[in-house]
Structure formats: structure tokens, C-alpha cells
Amino acid sequence: MIVCGDDALAERLAAELHAVYRETVTVVVASARAGDAARGGSAGRSAATLLSRMQAVMGRSARTSPDGDARAPRVVEAPAPDEPTLVEAGVREAAALALVYDDDETNIHAALAARRLNPRLRLVIRLYNRKLGQHLEELLDQAAAVTAPGLDRTALDTSTTVLSDADTAAPALAATAVAGTSKIVQADGLLLRAAERTPPARGQVADPGLCTLALLSATTNNPAGAEGSDTSGQGEGPLLLPDDRTVAAATGRGTIVLETVSHAGPALPPGRLVGRGIPFGSLFSARLRWSLAGLAACVLGLAVANWLTVPHTHPLHAGYLTLLDLFAIDDPALGQPTSRQILQLLSGLAGLLLLPVLLAAVLEALGTFRSAAALRRPPRGLSGHVVLLGLGKVGTRVLARLRELGIPVVCVEEDPEARGIPLARRLRVPTVIGDVTDEGVLEAAKIHRAHALLALTSSDTTNLEAALYARSVKPDLRVALRLYDDAFATAVYRTLRAAHPHALTRSRSVSTLAAPAFAGAMMGRQVLGAIPVERRVLLFAALDVAGHPQLEGRTITESFRAGAWRVIALDSAAPHERQPDLAAAPADDGTEHPAGLVWDLHPGYVLRPQDRVVLAATRQGLAELLGRGPRTRAHTPET
């Protein structure tokens, strides 16, 4: 396996492949000297930091490998992932290549070169541009089919996968901010709803729902819990996919249960990401509208007076004479009756009054169009909204998700040219431009009346500072922070929970949420989504039963392995009618689509080789199903 990248996602993905799937990993990172020459000293120092951290993580994972795997990951330094670099990394013999650079163009160039060098290589590409990713996936799959005609359909379906870390993490981040104890995660084409149940009181038993996905750290004696990190002790961390006996014994712990699961494609209308047009009804102020109405009434009255005072005059001719007098283009009424002369003078006076009114109307219309194209300010009476900090790649995706759910949002961004500013302008989302650490910025976002704070900047310290200041303004504010460092996130979480035990606090790492999906794609499996359980991740994956003795020929109950995996849905469509990608919503083309997923499974249903299932699994459990992880006897069911 080869991983090419220059940020935290590359580090997490390489560690995932080596520690969980027991794969031989080669990591291609940017050399510090090349970073200095190309982008300046800070980029070079970042590359050097990533390289040293990558080597430390790989060394630690190799030392702690339970099966004594001695295949130490190899790190290759190179200025760019060009053909010589890929050849040196062993792309001709590799099974999969992940291109997770933060630059789409770099990933595309490397993908084209890798496909030429190895047509059978499984490619996993990180792209932010989703439309471009679809076209690139089709192009590379077509190239693989032409170059290697012997590829079967299954291999071709997984030969190229385009993912976005922002898209993978956005549903979980949005749900953390708005859902409270019940979180809804929209993972690609599936809508997964998991309910977080607080610890029951003494003598009570929590409702298990359809199935219990996890036992939380929170207990009856300590409702705030102690959100464990991935490396924390088992007594402090959450327990994923417990069996019924463990759930019954853990009556004092909070749980996450599967409440409802349904396909999101045909049920949910596509969210509109464009703002409504210019409000023409509010182009002019009320005072200006009254002025225009008064002048129109005067002109009408003058026209009627002309018609009555001038004998044998048609009403239209009288109105025409009035307009000529209004714009001062009629001949003077010399030698005509006095009434006609007075009406002409009054019409000229009305014309003089019309000029400033018309000028004011033009200026107000221009001002309205300009304000509609500019960023909106938070309205005065706004409350119950989500304050979103940071409109980078992740923040932009989260903003789109929140708007699809109909959640009021106020954005705070320091850079007026940030990636998400055009989206905020198009959606007419109130946005405050300024440094969140400056005094008055969060107040301008109405933080004291907000429902939640979602801090998604790329700086851990900035997110923490904003959360602490927001809590000082509103102690019970719901806070979700984007934090990379796991130990730092654990310390922050416990400190905030101790200081504010009645408020909801969550810490999330985008790279931690995205890395399992990228690793699953490299292994050739459809990872449909990831649900964060404190600082751990529970995966939802599509899997063919054939070739997996842990599933084939077993009932739903027998196939369950506590702490590893659980079958939660079955694809009821015939094998030749199934969608190649369960994560994609069915096309709304008016044709009849085959039956979809069945979630209410009978415990005694026997899994057949031709079945395809959706299962919830831990990272280690998914690795074991793929034949890559460590084999254990602790939870092997009896048949």
C-alpha cells in the first residue's frame, strides 16, 4: 500500500493501514528542502514536522503490533509525486495507492501517472471538487478497463474511488452541533440516525432501540463522562458493538442505539444551495413608495382637470398634454384660457418634484442590489442559531449540510476571500468577517443567544480560545471543536466538562473521521459512512457475503461478533439488479428501481453467498473480515 500526502490525513491513513489492516505501507511525503524552495520556509518546516511525526507514529505502531509484525513502514521523501517518485515507491507492484494531498491538481496528475504505470492499481483519490471527481473516476475506470480487459466487474467498481475528507466528516460535525442527544448522520447516499441515551436512573433500564451500537464513557455517578481517546484505557473509553449480556450488565452507562435507518435518496428532496432572488418588493423604502404614489395621484388629477377645462378634448389627449407639461416639452399656453395656463404651471411644478424622487429611487435600487450581493449581517432578533467558525473546506461543507437541514447559521471567518464566502453569499447566510479571538467578533455573531458553537478552523488553539470565550458568555452553550491532537482533545474535553458539567461538549478530528473511509476504499470495500463515538469511529460498510466464512451460512444472530461487527441491513435486490454503489442515491429518471435495503432483519435469517449486507463494524473488525487484522477467539460465536 502506498500513501502520498502532506498533512494529517496522510499520517492517520498510513497508521490505519499499518496498525489495523497489517499492511506493508510506503509513505511518500514532501521533503523539507523542496517545501522551502517551492512555498517558503514555513511550508518546509511543516513538511519536516510531518515527516518526523510520521516516522514516530510508524515506529510506535510497529513496536505495539500485537502479532509482532516486523514489516516497518517505509518513508520516501520527494518534492512531488511524479513518475520517478511513484516508481521508487513501488507503484508497479502495489495493490493500492492513496493520493491525499491537499491540492486537487497534484492528486490528479499523480493519479494519471499511476494509472499508466499500473493499470490494475486500486486508486483512492482525495478531491474537494465533487463534479470533477465523478468525471475523473469514470475516466480512470475506463482507462483501467481498456488497458486491462481481464478485470472483473467487482475489481473495476473499486479500481478508482474519489473521496473528500470534508464530505466524509461534515455530516458528523453538523449532527454534533445541532442534534443534541440524538444525532443524524447523512453519509453519502444513506441517512443513518443514532440516538445517544443518557445513563438511566437507579432501577431503570435504558431502551435498547433496534440494537445498541456503543456503551459510552458517561455513567450514572459521572454523567459528564470522561471522553476517552483512541489510546486511553479500556475502562475510560467507550465500548463499541457490545453484546446483549454486556448491555444488560452496564445499566449505569450511557448508550448509542440505532433508532432508525433509511435510504436518503428518494425520500429527501435535493437541497437548494442557491439563494432566492432579489426581493423586488423591498427595492424601495416605504417613504419613497408613498412619494411616488402621491406624485402619480397629482398627475392623474391634473389630467382629469385638463379634460374637464378644455372643451371637446379626448381623455387620452388630455393625459398626453399633461405629460408634455410635466416634462416641460409642450409649447407655452400663451393666449389660452387662464385655467389651462394654471394647469400647465402646476404640471411643471410636479415635474420638478419628480426629478429628486426618481433619483432617490435609482439610488435605493442600486443600494438594494449591492446589499443583496454582499454578505448579510446577523439580524437583531436572531436566536437559537449555530455559530460556525471557519469557512475553509470543512466549514463550507458543514455550512451546506446545516442549510439542507434548515438550521439557522451565522458564520465567522477571518479571511474575506475564504473558500466558503461565495456559498455564504449565495445562501444569504449572515457572516461576520473578523478574527474570532478579537473582542466583539463573537458578540456580533450573537453568541449569547446561540444554540451551539461549531469551531472548525484549522488551528486547535483558535478553536479552544473561541470555545472558552463563548462559554464565559453563555456557560450552557453546546460546543463542538475540531481538534487534531488526540491527547490534547481528551484533556480539553475533560476540563470543559468539569468546568461546565451541564453543557454539551464534543471534540472531533476531521482526519480521524475520514481516515477509516479512505482505508476501507484502499482495501476495496464500500465504506458508506462513519459515526463518531466520543473519540472513536464506528464504520458502516457494504460487503458481499461470499468468501467470508464469518458470515456465509450463518444466521443474523450467529454472524454478530461483539466488539467487531454486526449485520444491520440486507440488500434485497437481485444480484444483477443491484446498484454498484450503495452510497449513491438512485437516479430520479422516472424509471422503476429495484428493491433497496431491508433494515428490520429476522434474527434467524441465514446469510447466503449471493447476499450483500450492510454492517456496522469497528476498524479492527472490518480489517478482520477482510482477512487483514489479528484473529482472536474471544467472541467467536458457536454454530
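How many bridges join E2 to strand E3, and in which sense do they run? Let's start there, with the structure in front of us. Please keep in mind that this is a predicted model.

The answer is that five bridges join strand E2 to strand E3, residues 74-78, and these strands run parallel. If you want to find a spot along that pairing, look for Ala-30, whose bridge partner in E3 is Ala-78.

Now look at E2 from its other neighbour. Strand E1, residues 2-4, also pairs with E2 in the parallel sense, this time over three bridges. Here you can pick out Val-3, which has Val-27 of E2 as its bridge partner.

So how covered is E2 itself? This strand takes in residues 26-30, and five of its five residues are buried. You can check this face by face: Thr-26, Val-28 and Ala-30 are buried on one side, and Val-27 and Val-29 are buried on the other.

Next, follow the chain between E1 and E2. You pass through helix H1, residues 8-19, and together E1, H1 and E2 make a right-handed β-α-β unit. Let's do a little sum check on that helix. At 1.5 Å a residue, its twelve residues should span 16 Å, and the end C-alpha atoms of H1 are indeed 16 Å apart, which agrees. H1 is also largely enclosed by the rest of the structure, because ten of its twelve residues are buried. Among them are Leu-9, Leu-13 and Leu-17, and also charged-looking names you may recognise, such as Glu-11, Arg-12 and Glu-16. A handy rule for reading any helix: an α-helix has 3.6 residues a turn, so residues three or four places apart point the same way.

Let's move along to another parallel pair. Strand E5, residues 122-126, is joined to strand E6 by four bridges. Leu-123 has Thr-160 as its bridge partner in E6. Strand E6, residues 160-163, is covered on both faces: Thr-160 and Val-162 are buried on one side, Thr-161 and Leu-163 on the other.

A bit further on, we come to something from a database record. An unreviewed UniProt entry carries the annotation "transmembrane region" for residues 290-310 and 342-367. What does the model show for residues 290-310? That span is 95% helix and 0% strand, and its end C-alpha atoms lie 30 Å apart.

Now for some rings. How many aromatic pairs does a search of the whole structure find? The search finds zero. There are charges over a ring, though, so turn to Tyr-128. The charged end of Arg-397 sits over the Tyr-128 ring, 4.0 Å from its centre. The charged end of Arg-419 sits over the Tyr-128 ring too, 4.5 Å from the centre.

Arg-397 takes us to helix H13, where it is one of the buried residues, along with others including Val-394, Val-398 and Leu-402. In total, ten of the twelve residues of H13 are buried. This helix covers residues 393-404 and reaches 17 Å from its first C-alpha to its last, close to the 16 Å expected at 1.5 Å a residue. Just after H13, Gly-406 takes a positive phi of about 75°.

Speaking of positive phi, here are two residues other than glycine that have it. Leu-241 has a phi near 50°, and you will find this residue in the loop between strand E10 and helix H9. Is Leu-241 buried or exposed? Its relative accessibility is 0%, so Leu-241 counts as buried. Lys-446 has a phi near 60° and belongs to the loop between helix H15 and strand E15. With a relative accessible area of 17%, Lys-446 is buried, because the cut-off for buried is under 20%.

Two last stops. Tyr-493 lies in helix H17, residues 486-499, and counts as buried because its relative accessibility is 5%. Tyr-493 and Ser-507 are 14 residues apart along the chain, yet their C-alpha atoms are separated by 6.8 Å.

Finally, strand E19, residues 536-544, has eight of its nine residues buried. Six bridges join E19 to strand E22, residues 612-617, and these two run antiparallel. To see where they meet, find Asp-544, which stands opposite Arg-612 in E22. Thanks for listening, everyone!

How values were computed
Residues are numbered from 1 along each chain as its sequence is written. This is a predicted model: local features need pLDDT of at least 70, side-chain atom pairs count only at pLDDT 80 or more; totals for chains, interfaces and linings use all residues. Side-chain values use heavy atoms; hydrogens and water are left out. Buried means under 20% relative accessible area, exposed over 50%, partly exposed in between (1.4 Å probe, protein chains only). Two strands pair if DSSP finds at least two bridges between them. A crossover is right-handed if, with the strands pointing away from the viewer, the path from the first strand over the helix to the second runs clockwise. UniProt positions are given in the numbering used here, feature names are shortened, and annotations may be inferred rather than shown by experiment. The expected span of a helix is 1.5 Å times one less than its number of residues. Rings of Phe, Tyr and Trp (its six-membered ring) pair if their centres lie within 6.5 Å; planes under 30 degrees apart count as stacked, over 60 as edge-to-face and the rest as tilted. A charge sits over a ring if NZ of Lys or CZ of Arg is within 6 Å of the ring centre and within 35 degrees of the ring normal.
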